[in-house]
Amino acid sequence: MEIGDMIEVNRGQYNHWALYIGNGDVIHLVSPDGPSKVAFCSVSSFSGSVACSKGMITIETLQDVAAGNTYKINNYLDDEYKPRRTDVIMWDVDKMRGRTIKYNLLGNNCEHFVTSLRYGQSESKQADDFLKDVLTGTAGLLGVLTAVAASTTAAASTLRK
C-alpha cells in the first residue's frame, strides 16, 4: 500500500472510501450522523437556500476505519486521471485534517473527497451508479405505465366502436 492509494471498504449496502497516508493511517470524510445515515441536501423553497449535512475530515488507522469489514486498494480512475504527487496530496491532508465541510451523499461524499485528494478531480462512481439506477428504474416504470395507459386507451376505443 502506497501513500495516495484509495481504499474501498465494503460496508454491505454501500462502500466507504478512505485515502492511505502512510504508517497504517487513512484520511476520510465521515458523516456526523455516522455511516448508517443518508445525507442529502435540501433546498428551501421559501429562501432558495441549500442546506447540507456537515462531514468531518478525520485521520484514523485503516484497521479502525475498516472495523472488521473487507477492504481493497481501488485506484479505479488511474486510467482517466494522473494521480497527484505524494507531496501535493500530503500538503492537502495537512490543510484538511480536522476540518468540517459540507457532506452530501450524491454530490460531496467520502468517495468524492478521496478522488479529489488523489486526482484533483471530485468523482463518485457509487453516486453516479445510484443515480443511473434511479433514472433507469424511473424510466422503466414510466415506460410500463405508458404502455398500460396506451393499451387501456386502445381497449376502451375498441369497446366504443
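The following legends describe close-up views of a predicted model.

**View 1. The open sheet and its strand order.** Six strands make up an open sheet, arranged as β7-β1-β2-β3-β6-β8 with antiparallel pairing. Strands β7 and β8 (100-103) form the edges, each pairing on one side only. From one strand to the next, the twist averages 35°. In general, the strands of a sheet pair through backbone hydrogen bonds, either parallel or antiparallel.

**View 2. The pairing of strands β3 and β6.** Strand β3 (residues 25-30) runs antiparallel to strand β6 (residues 53-61), and six bridges join the pair. Within this view, H28 is placed opposite T58, a residue of β6.

**View 3. Helix α2 on the sheet.** Helix α2, spanning residues 86-96, packs on the sheet and touches β2 (15-22), β3 and β6. The direction of helix α2 makes an angle of about 110° with that of β2.

**View 4. Helix α3 across the strands.** Helix α3 (residues 110-119) lies across five named elements: β1 (6-10), β2, β3, β6 and β8. Relative to β2, helix α3 runs at about 30°.

**View 5. A nonpolar surface patch that includes Y71.** M1, Y71 and I73 together form a nonpolar patch on the surface, with a combined accessible area of about 270 Å². Y71 belongs to strand β7 (residues 71-73), which is one of the edge strands of the sheet. Y71 counts as partly exposed because its relative accessibility is 31%, a value that falls between the limits of under 20% for buried and over 50% for exposed residues.

Methods
Residues are numbered from 1 along each chain as its sequence is written. This is a predicted model: local features need pLDDT of at least 70, side-chain atom pairs count only at pLDDT 80 or more; totals for chains, interfaces and linings use all residues. Side-chain values use heavy atoms; hydrogens and water are left out. Patches are made of residues with over 30% relative accessible area and no salt bridge: like charges are joined within 9 Å, nonpolar side chains (Val, Leu, Ile, Met, Phe, Trp, Tyr) within 5 Å. Accessible areas come from the Shrake-Rupley method with a 1.4 Å probe; for residues, only the protein chains shown count as cover. A salt bridge is a side-chain nitrogen of Lys or Arg within 4 Å of a carboxyl oxygen of Asp or Glu. Helices (H or I, at least four residues) and strands (E, at least two) are DSSP runs, numbered from the N terminus. Buried means under 20% relative accessible area, exposed over 50%, partly exposed in between (1.4 Å probe, protein chains only). Two strands pair if DSSP finds at least two bridges between them. Axes are lines fitted to C-alpha atoms, for helices over the stretch in contact, and angles run from 0 to 180 degrees between N-to-C directions. Contact means heavy atoms within 4.5 Å.
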